[in-house]
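Hello,

Here is the structure I promised to pass on to you. Have a look at it first, and then read my notes below.

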Protein chains: 4
Amino acid sequence: MKRKLRMGMIGGGRNAFIGAVHRIAANIDGLIELTCGALSSNEENAKLSGKDLFLADDRIYTSYADMITKESQLPADVRMDFVSIVTPNHLHFEPAMMALAHGFHVVIDKPLSFDYEQAVALQKKVAETGLLLAVTHTYSGYPMLKQAKQMIAEGAFGKIRKIYIEYPQGWLSNFVESSGSKQAAWRTDPKRSGIAGCMGDIGTHAAHLAEYVSGLHITHLCADLQTFVEGRHLDDDGNVLLKFNNGATGVLIASQVAAGEENAIRLRVYGEKGGVDWCQVDSNTLLVKWLDKPTEIYRTGSGYVGSFAAHNTRVPAGHPEGYLEAFANIYRNFSLTLNAKRNGETPTKEMLDFPTIAEGVRGMAFIDSVVASAKSTEKWTEFKV
Amino acid sequence: MKRKLRMGMIGGGRNAFIGAVHRIAANIDGLIELTCGALSSNEENAKLSGKDLFLADDRIYTSYADMITKESQLPADVRMDFVSIVTPNHLHFEPAMMALAHGFHVVIDKPLSFDYEQAVALQKKVAETGLLLAVTHTYSGYPMLKQAKQMIAEGAFGKIRKIYIEYPQGWLSNFVESSGSKQAAWRTDPKRSGIAGCMGDIGTHAAHLAEYVSGLHITHLCADLQTFVEGRHLDDDGNVLLKFNNGATGVLIASQVAAGEENAIRLRVYGEKGGVDWCQVDSNTLLVKWLDKPTEIYRTGSGYVGSFAAHNTRVPAGHPEGYLEAFANIYRNFSLTLNAKRNGETPTKEMLDFPTIAEGVRGMAFIDSVVASAKSTEKWTEFKV
Amino acid sequence: MKRKLRMGMIGGGRNAFIGAVHRIAANIDGLIELTCGALSSNEENAKLSGKDLFLADDRIYTSYADMITKESQLPADVRMDFVSIVTPNHLHFEPAMMALAHGFHVVIDKPLSFDYEQAVALQKKVAETGLLLAVTHTYSGYPMLKQAKQMIAEGAFGKIRKIYIEYPQGWLSNFVESSGSKQAAWRTDPKRSGIAGCMGDIGTHAAHLAEYVSGLHITHLCADLQTFVEGRHLDDDGNVLLKFNNGATGVLIASQVAAGEENAIRLRVYGEKGGVDWCQVDSNTLLVKWLDKPTEIYRTGSGYVGSFAAHNTRVPAGHPEGYLEAFANIYRNFSLTLNAKRNGETPTKEMLDFPTIAEGVRGMAFIDSVVASAKSTEKWTEFKV
Amino acid sequence: MKRKLRMGMIGGGRNAFIGAVHRIAANIDGLIELTCGALSSNEENAKLSGKDLFLADDRIYTSYADMITKESQLPADVRMDFVSIVTPNHLHFEPAMMALAHGFHVVIDKPLSFDYEQAVALQKKVAETGLLLAVTHTYSGYPMLKQAKQMIAEGAFGKIRKIYIEYPQGWLSNFVESSGSKQAAWRTDPKRSGIAGCMGDIGTHAAHLAEYVSGLHITHLCADLQTFVEGRHLDDDGNVLLKFNNGATGVLIASQVAAGEENAIRLRVYGEKGGVDWCQVDSNTLLVKWLDKPTEIYRTGSGYVGSFAAHNTRVPAGHPEGYLEAFANIYRNFSLTLNAKRNGETPTKEMLDFPTIAEGVRGMAFIDSVVASAKSTEKWTEFKV
């Protein structure tokens with residue numbers, strides 16, 4: 001029987017950013033209910049946050065370990081179905097491993113883990129348990145990027161030659177980690193963020209999107225990483241040349257010191273006959289360019305889009321969906337897949353289209369490769385997984 | 001004590017469009033749970049639709065009268081708090097009146113009712129009962145339009161002179177009501193839609209938005225309504241000249257035969273010193289124009305926006321929110337106001353900022369005035385409420 | 001034998017705006033040389049302006065009458081071929097009549113004349129003499145509007161239903177005619193401008209463009225004209241409902257008090273199957289919209305455009321042409337037509353595509369009709385020519 | 001005494017592309033007349049082309065050497081003032097050297113020469129003769145880029161950190177040099193184009209623009225050049241990492257196989273407090289971005305722009321100028337400077353703002369450096385001049 005899935009959240013208490021986003025994403029489609037949470041490592045914050053979210057008192061936990069243990073002892077028709085891990089990077093691995101060990105599926109914010117070794121360990125655990133693990137590479141949830149992926153896969157543009165992915169932000173242009181920005185503080189702290197700053201936070205999104213839409217893999221890269229803001233401990237900017245496994249080349253730009261930019265991720269892919277151009281600021285539009293015909297404006301919700309874009313859209317063309325819906329598409333497809341499996345059904349390929357452990361592992365490999373390249377005087381560094 | 005509010009939905013069963021939108025809007029912020037429903041006048045559809053939405057069997061009703069009666073007999077901590085009415089226009093009035101009579105608050109899709117007389121009766125009932133009634137004029141939920149309204153109210157542009165509101169759609173360019181489009185069928189049927197087609201469906205949105213953002217009232221109008229598609233029974237297009245109560249003039253364009261347009265509502269307001277320009281296709285941008293300075297691009301989620309825009313935004317600048325979030329802002333403010341009142345608190349002015357019965361009544365008066373003007377050979381027809 | 005045509009300019013001395021534009025337009029394609037001028041009614045200004053432009057001393061005149069008389073006495077291979085009249089409206093008629101009477105072709109800025117009677121007299125004179133007269137309705141010179149016209153004429157969109165033409169400017173938002181703006185002063189002076197202000201200056205452009213691109217004629221209109229700025233003597237704003245001779249309806253907006261707008265003329269035309277959308281701010285783009293297919297972005301200079309757009313373009317796609325080139329297209333086509341006739345050749349239909357006396361007369365009729373409508377309490381006023 | 005300057009053109013006969021552009025650019029402002037030409041190395045084409053342009057028979061030459069020799073023997077008030085060289089790259093050097101040697105100023109299309117050695121020789125000759133030499137790096141002629149340069153120079157954005165310059169085209173996506181495209185044929189031929197294809201043709205524009213606007217110099221680069229189209233002899237694509245002399249870093253993208261792109265050059269520069277964003281497709285707009293304020297839309301022709309943008313604009317805001325006017329700005333400033341010098345006046349800094357031999361030499365050095373880097377396995381190659 002299909003039913004709402006029960007989610008337990010780890011992290012995401014008062015004043016957290018991404019936890020609130022995950023909850024909205026889980027709410028939108030009415031497929032998931034937030035059942036319990038270990039919302040903060042601070043006991044009082046955990047409790048207050050749980051009350052804010054109308055959790056039952058006995059489902060508000062003050063540690064993830066407590067939550068996983070106790071939930072696993074509840075009856076099957078009461079206990080949570082999966083955990084959503086929305087803590088900083090260094091606090092992904094242990095709860096994810098423990099949740100899997102106790103039979104809970106996992107949704108986890110990106111990047112997957114603190115380092116590559118943890119990623120490999122998680123991958124092994126997922127394989128052992130057969131449980132689902134989704135990584136929230138949000139941007140791949142946009143319907144127009146799914147349209148682009150489908151058109152490329154179907155050969156509309158011939159062989160792909162060029163991929164430009166850029167992700168400029170400006171919010172770290174000053175030394176804000178010293179002045180109370182909680183979001184900035186952990187992202188620029190090597191003990192919580194890992195070996196990369198900008199490249200871990202947004203470079204991984206960019207690399208994932210380039211590979212997701214093109215269907216290609218990065219094989220080599222050449223990185224110039226910078227720390228422009230004095231006092232900062234990790235990179236806040238990077239320019240990277242890319243080589244792909246089919247001979248295509250490309251550029252990845254990620255910056256958190258592009259002063260005045262918001263969150264302007266944009267992807268362009270060109271093949272022999274044409275290409276696609278998408279930017280988040282106009283997320284319901286996909287420009288489809290052709291060598292010898294007018295550019296076409298593909299739009300979310302239109303009758304002519306393919307099965308993947310259609311499946312990931314809620315309202316007709318002209319009613320803009322955005323970031324929260326893109327994020328929700330990951331939760332929705334994860335839920336549809338999980339509900340299908342619970343009922344012994346085969347999920348459709350559209351349902352299965354969400355980022356999993358494999359993409360999470362590649363993200364961690366990207367971080368390792370790009371940091372290694374930045375330190376090298378050689379032009380090309382191999383992207384190893 | 002604050003808690004999730006319990007919603008009962010009337011209409012919105014399988015294959016309905018706007019009912020699904022209402023549910024998403026109610027879901028997003030985790031402030032409301034769908035508790036019960038009379039989702040269709042067809043008994044089987046009502047039941048299947050209820051199961052689709054994971055409603056408890058005993059909260060799936062097969063008529064709104066049954067739902068209102070039975071819910072009113074449930075204990076206070078179990079029964080629904082409010083109804084959401086998402087049926088075609090001719091089925092708004094009776095359930096709304098009955099819900100109010102039984103002490104339930106109401107959210108109701110626009111236009112408020114089938115005719116102006118019903119609207120006045122509803123207004124009287126709301127006044128008698130002291131209950132809340134919200135009308136879902138969605139577009140006023142967009143944060144950048146709230147920003148525009150606040151800047152205009154604060155006098156940023158001096159006295160307002162010009163208002164251009166346009167709402168072109170193309171989906172009724174052919175005689176689709178004859179070929180199975182359920183959405184087209186009732187909207188073009190005088191028995192279900194009322195005396196206006198295009199003007200009732202989208203003209204009322206346009207008129208509301210012009211008045212909401214400018215803070216002005218339409219006093220006179222001059223309408224040219226057309227039915228371009230042969231066989232159609234109601235207007236599918238209209239051009240209207242407007243006069244406002246401060247001497248400003250304007251134009252309202254609404255069309256459902258602008259072939260190739262999606263849902264392209266756009267508002268421009270100009271005062272003595274500058275003006276604003278907003279269109280739904282780029283809904284997170286407000287162009288703020290000045291006589292002698294560069295145009296400024298105001299963006300949802302930015303630090304510099306006013307209290308109303310900030311209150312109605314969930315994520316930082318650069319993470320696009322859209323139609324569903326604008327819709328959700330009405331449900332959110334309705335819920336915050338209701339929860340505040342339940343707890344004996346005074347709602348903030350930002351919470352109270354959602355369309356109520358007064359706006360609903362003006363919408364019905366607009367329909368009457370615009371249809372009267374279209375039939376008149378006089379240039380100006382008074383807008384009477 | 002083809003040769004550069006010799007132009008004599010009337011008006012356009014130092015500090016004039018439109019005279020300089022006419023000279024650039026005449027220069028661009030190397031088909032015309034400025035040979036002589038009566039550039040100002042002020043003798044000293046006329047002489048200094050002539051020297052600025054490197055005119056020979058004996059071709060600098062201090063009155064148009066002097067120029068026309070003396071040039072007509074020069075040998076055929078020396079004297080000017082045509083005059084370009086760039087004076088304020090009240091100074092169009094006499095020089096145009098005199099030039100025609102002396103056998104000179106005429107280019108004349110819009111609106112054609114001070115009043116409708118002059119227009120009719122000019123039309124008679126042109127017919128009598130068989131000379132060419134071009135009116136510089138600039139916007140019809142844009143290649144992408146020619147593309148729109150050609151697609152509409154070829155039936156690409158089926159029968160036309162809706163025409164929206166808008167032309168908002170903001171430069172007259174204040175009482176600038178009192179503070180030294182020469183451009184504002186004559187345009188707002190009934191003795192120099194005629195019976196209309198905004199409607200004569202830019203409304204005529206808008207009306208012409210709507211008719212030019214659609215191939216239709218306005219038959220009735222309903223106007224609301226305003227003078228928003230205190231002390232001003234003519235309209236500075238207007239909203240007009242339109243009916244066309246095929247049953248299409250439309251709206252014409254023209255304002256010079258839309259504070260913050262530059263010169264934002266935009267045209268949209270919709271037929272049964274799709275439509276076109278063009279705005280001067282992005283003048284090399286024509287959005288071609290379709291009921292059930294993606295919108296296409298037609299671009300100046302592309303290989304797929306029709307013969308009219310191609311003929312009026314100088315550089316490949318991606319090298320933006322603008323206002324001056326659109327203006328130049330009128331001079332170019334006028335010159336090509338004139339040179340063809342001089343050589344006994346038949347001009348192509350593309351060469352003949354420039355606004356002539358007929359369009360000039362319709363412009364003056366528009367002014368009469370729109371002012372009459374504004375004074376009427378009847379909804380519809382006939383557009384009479 | 002100021003007078004029209006007399007231009008002799010080398011190259012640019014029938015069917016040439018860039019020669020026609022140079023002529024329009026020289027025509028627009030009425031400061032230059034085309035007096036003579038050696039328009040083709042083919043004698044008949046030279047003669048027919050000269051007649052097309054209405055040149056006097058005795059000023060139509062069939063070789064540049066003939067033209068330079070004979071013109072130098074004409075009286076001072078008859079002979080040409082300067083030559084404009086619009087031939088393929090391998091035919092720049094000799095005529096430029098000869099013109100300088102005979103006392104003629106020079107305008108020359110980019111890149112300056114066939115190789116770096118020629119560039120240095122030309123630089124020496126210019127220094128010896130004291131004559132003017134302008135290189136037509138067109139894009140620096142756009143007023144909004146001059147505005148950007150001025151704001152950066154005045155410190156509006158603090159220290160510059162990031163420069164992204166991109167120049168995607170698609171017209172060489174197929175092997176068109178084999179099928180009759182004259183433009184493609186010489187650009188992809190090492191004997192006529194030099195050691196670089198795409199990088200010489202458009203990469204030099206991009207590098208120049210980045211340096212011009214930022215006021216910085218590239219010191220190191222890391223290039224990945226590709227030849228995607230089989231059979232082609234030179235690069236048709238490249239991605240390049242950049243380092244600048246103040247510590248800023250950047251990316252240069254140039255491609256002629258970005259299928260579906262026209263000529264989409266775009267520049268973004270970011271400093272500590274904000275930045276600028278300009279693209280040719282919307283060339284009259286400069287987006288000025290700020291860390292904590294709304295983005296501002298600067299527009300050509302507005303009252304608030306600086307002296308350089310104002311000087312290079314012909315019409316008020318809202319009357320779009322484009323590529324031909326940007327090109328014309330180089331000819332105009334060259335002419336104003338030359339006329340000032342002829343009259344013993346000091347040219348203003350705005351007049352002197354056109355690309356000269358120094359920029360031409362840096363362009364050739366860029367080609368050498370980028371090709372060297374592409375061949376190297378080292379990450380960074382020094383940019384040497």
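How many residues does the contact take from chain B and from chain A? Each of the two chains gives 34. Please keep in mind as you read that this is a predicted model.

**Chain B with chain A**

About 2600 Å² is buried between chain B and chain A, and carbon and sulfur atoms give 64% of that area. On the chain B side, the residues that lose the most area to chain A are B:Phe54, B:Glu262 and B:Pro320, which together make up 24% of what that side buries. B:Glu262 also takes part in a salt bridge: its side chain meets that of A:Arg299, with 2.9 Å from N to O. The count of salt bridges between these two chains is 2, and 14 residue pairs are in polar contact across the interface of chain B and chain A. If you want to find this side of chain B by its elements, look at helix 1 (18-27) and helix 11 (323-342) of chain B, each of which supplies at least two residues. By class, the side of chain B that touches chain A has 15 nonpolar, 9 polar and 10 charged residues.

**Chain A with chain D**

Chain A also touches chain D, in a contact that takes 48 residues from chain A and 47 residues from chain D. Here the buried area is about 3500 Å², with 53% coming from carbon and sulfur atoms. In chain A, the most area is lost to chain D by A:Arg161, A:Phe228 and A:Lys379, together 19% of what that side buries.

There are 6 salt bridges across the interface of chain A and chain D. One pairs A:Lys162 with D:Asp237, whose closest N and O atoms are 2.7 Å apart. Polar contacts join 24 residue pairs across this interface. Among the elements that give two or more residues to the chain A side are strand 6 (160-168), strand 7 (218-226) and helix 12 (357-375) of chain A. That side divides into 19 nonpolar, 16 polar and 13 charged residues.

**Cavities**

Lastly, the empty space inside. The structure holds 12 cavities of 30 Å³ or more, and the largest has a volume of about 130 Å³. Which residues are closest to the centre of the largest cavity? They are C:Val281, C:Asn284, C:Pro320, D:Val281 and D:Asn284, out of 18 that line this cavity. The lining consists of 4 nonpolar, 8 polar and 6 charged residues.

Happy exploring, and best wishes!

Note on methods. Residues are numbered from 1 along each chain as its sequence is written. Chains are lettered from A and ligands numbered from 1 in the order in which they are written. This is a predicted model: local features need pLDDT of at least 70, side-chain atom pairs count only at pLDDT 80 or more; totals for chains, interfaces and linings use all residues. Side-chain values use heavy atoms; hydrogens and water are left out. Contact means heavy atoms within 4.5 Å. Buried area is the accessible area (1.4 Å probe) that two parts lose on being put together, summed over both. A salt bridge is a side-chain nitrogen of Lys or Arg within 4 Å of a carboxyl oxygen of Asp or Glu. A polar contact is a pair of N or O atoms within 3.5 Å; within protein, one must be able to donate a hydrogen and the other to accept it, and residues adjacent in sequence count only if both atoms are side-chain atoms. Helices (H or I, at least four residues) and strands (E, at least two) are DSSP runs, numbered from the N terminus. Ala, Val, Leu, Ile, Met, Phe, Trp, Tyr, Cys and Pro count as nonpolar, Asp, Glu, Lys and Arg as charged, and the others, Gly among them, as polar. On a 1 Å grid over the protein atoms alone, a cavity is a set of points where a 1.4 Å probe fits but cannot get out, and a pocket is an open set with protein on both sides within 12 Å along at least five of seven lines; lining residues have an atom within 4 Å of a point. Grid points are joined across faces, edges and corners, and a volume is the space filled by probe spheres set on the points.
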